[in-house]
Amino acid sequence: MPAMFPASGVEELVRTGASCRVAVDVNPGFKSGDAVRAVNINPVTHTRLPLYVRGKRGVVVEDRGVFVFPDTNAQLKGEKPQHVYSVMFAAEELWGHGSGRKDKCYLDLWEDYMVPAKE
Amino acid sequence: MNGIHDLGGRHGMGPINIEPIEPVFHAEWERRIFGMFILAFAGGHFNIDQFRHGVEQMAPAEYLSSDYYEHWLHALELCCKANGSLTDDEIQSRMKELARGDA
């Protein structure tokens with residue numbers, strides 16, 4: 001089972017929520033401006049990669065820092081800390097023709113959810 | 001998991017009912033489930049991602065027709081049963097006690 005949480009920290013836990021940010025030094029694999037593609041995975045286990053973005057192209061706009069990877073953590077297979085990025089997807093990329101031409105959708109994605117996009 | 005929880009882009013779900021003055025809890029039972037979650041989480045019974053996966057494993061029809069904190073209760077029971085700290089028999093016997101009015 002996961003480690004016990006110190007009783008002294010419970011008040012802060014209630015007030016701020018359980019952040020999965022970790023103070024671990026990990027080299028980022030992407031930077032702002034990089035063209036990326038969300039991977040197409042369909043695990044029967046936990047993932048926080050939404051169906052509608054799988055296989056779609058986007059652009060990294062910000063590095064959010066290092067966080068625990070939910071997919072492995074949910075199975076107690078390790079925290080696998082990695083960078084999370086804000087990635088911008090054009091509405092037309094996600095929803096096709098007829099969606100707002102100027103609309104964008106921003107998703108916070110873990111590094112393992114992305115690969116470099118080939119032209 | 002490609003479950004019912006992943007609703008992004010689905011049509012026909014109706015409007016989002018935003019309450020102008022939203023209370024922290026709508027009922028006492030919601031407050032109690034929040035407290036149970038905090039205690040079990042702080043006690044190391046599960047991590048937050050195991051808990052989220054617990055919600056995802058609800059039967060789709062039940063997920064869509066139940067409240068937010070009912071989702072939490074489902075995950076709480078599932079995670080605590082999975083780690084052996086709670087049994088179905090214990091849940092059933094406690095429900096019978098409550099039905100008899102034994103607080």
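**Exercise 1. Which residue of β3(A) does A:Gly65 stand opposite?**

Solution. The model is a predicted one. In this model, A:Gly65 stands opposite A:Val84, which belongs to β3(A). The next step is to place this pair in its strands: β2(A) and β3(A) pair in the antiparallel sense, and seven bridges connect them.

**Exercise 2. Establish the strand order of the sheet in chain A, and identify its edges.**

Solution. Begin with strand β1, residues 35-38 of chain A, and its pairing with β5(A): three bridges join the two, and they run antiparallel. Within this pairing, A:Val36 has A:Pro116 of β5(A) as its bridge partner.

Turn next to the pairing of β1(A) with β2(A), which is likewise made by three bridges and runs antiparallel. A:Val36 takes part here too, with A:Gly58 as its bridge partner in β2(A).

The full order can now be stated: the five strands form an open sheet, β4-β3-β2-β1-β5 of chain A, with antiparallel pairing. Its edge strands are β4 (104-110) and β5 (114-116), each of which pairs on one side only. On average, neighbouring strands of the sheet are turned by 45° against each other, direction ignored.

**Exercise 3. Determine which residues touch the most other members of the largest nonpolar core, and which strands supply the core.**

Solution. The largest nonpolar core has 19 residues, of which A:Val87 and A:Leu109 touch the most other members. At least two residues of this core come from each of β1, β2 (57-67), β3 (82-90) and β4 of chain A.

The surroundings of A:Val87 can then be examined. Leaving out residues up to four places away in sequence, A:Val87 touches A:Val36, A:Gly58, A:Val59, A:Val60, A:Val61, A:Tyr106, A:Leu107 and A:Leu109.

Apart from the largest core lies another, of eight residues, including B:Phe41, B:Val55, B:Ala75 and B:Cys79. As a general background to such groupings, nonpolar side chains tend to be buried together in soluble globular proteins.

**Exercise 4. Is A:Pro70 buried or exposed, and which residues is it in contact with?**

Solution. A:Pro70 lies in helix α2 of chain A. The burial count is decisive: A:Pro70 is buried because 23 other C-beta atoms lie within 10 Å, and the cut-off for a buried residue is 20 or more.

For the contacts, set aside the neighbours within four places in sequence; A:Pro70 is then in contact with A:His46, A:Arg48 and B:Asp49. A further distance concerns A:Trp110, which is 40 residues from A:Pro70 in sequence and 8.9 Å away in space, C-alpha to C-alpha.

**Exercise 5. Describe the side of chain A that touches chain B.**

Solution. Count the residues: 22 of chain A are in contact with 20 of chain B. Assign elements next: α1 (10-16) and α2 (70-73) of chain A are those that give two or more residues to this side. The largest share, three residues, comes from α1(A). Finally, classify the residues of this side of chain A: 17 are nonpolar, five are polar and none is charged.

**Exercise 6. Characterise chain B by its secondary structure, dimensions, burial and contacts.**

Solution. Chain B has five helices and zero strands, so that its elements read α-α-α-α-α from the N terminus on. Along the principal axes, its C-alpha atoms fill a box of roughly 40 × 30 × 25 Å. Of its 103 residues, 16% count as buried. Among contacts in chain B with a separation of 6 or more, 62% are between residues 24 or more positions apart.

Methods: Residues are numbered from 1 along each chain as its sequence is written. Chains are lettered from A and ligands numbered from 1 in the order in which they are written. This is a predicted model: local features need pLDDT of at least 70, side-chain atom pairs count only at pLDDT 80 or more; totals for chains, interfaces and linings use all residues. Two strands pair if DSSP finds at least two bridges between them. Helices (H or I, at least four residues) and strands (E, at least two) are DSSP runs, numbered from the N terminus. Axes are lines fitted to C-alpha atoms, for helices over the stretch in contact, and angles run from 0 to 180 degrees between N-to-C directions. Two residues are in contact if their C-beta atoms, placed from the backbone, lie within 7 Å. Ala, Val, Leu, Ile, Met, Phe, Trp, Tyr, Cys and Pro count as nonpolar, Asp, Glu, Lys and Arg as charged, and the others, Gly among them, as polar. A residue is buried if 20 or more other C-beta atoms lie within 10 Å of its own, exposed if 12 or fewer, and partly exposed in between; C-beta atoms are placed from the backbone. A nonpolar core is a set of buried Ala, Val, Leu, Ile, Met, Phe, Trp, Tyr and Cys residues joined through C-beta atoms within 7 Å.
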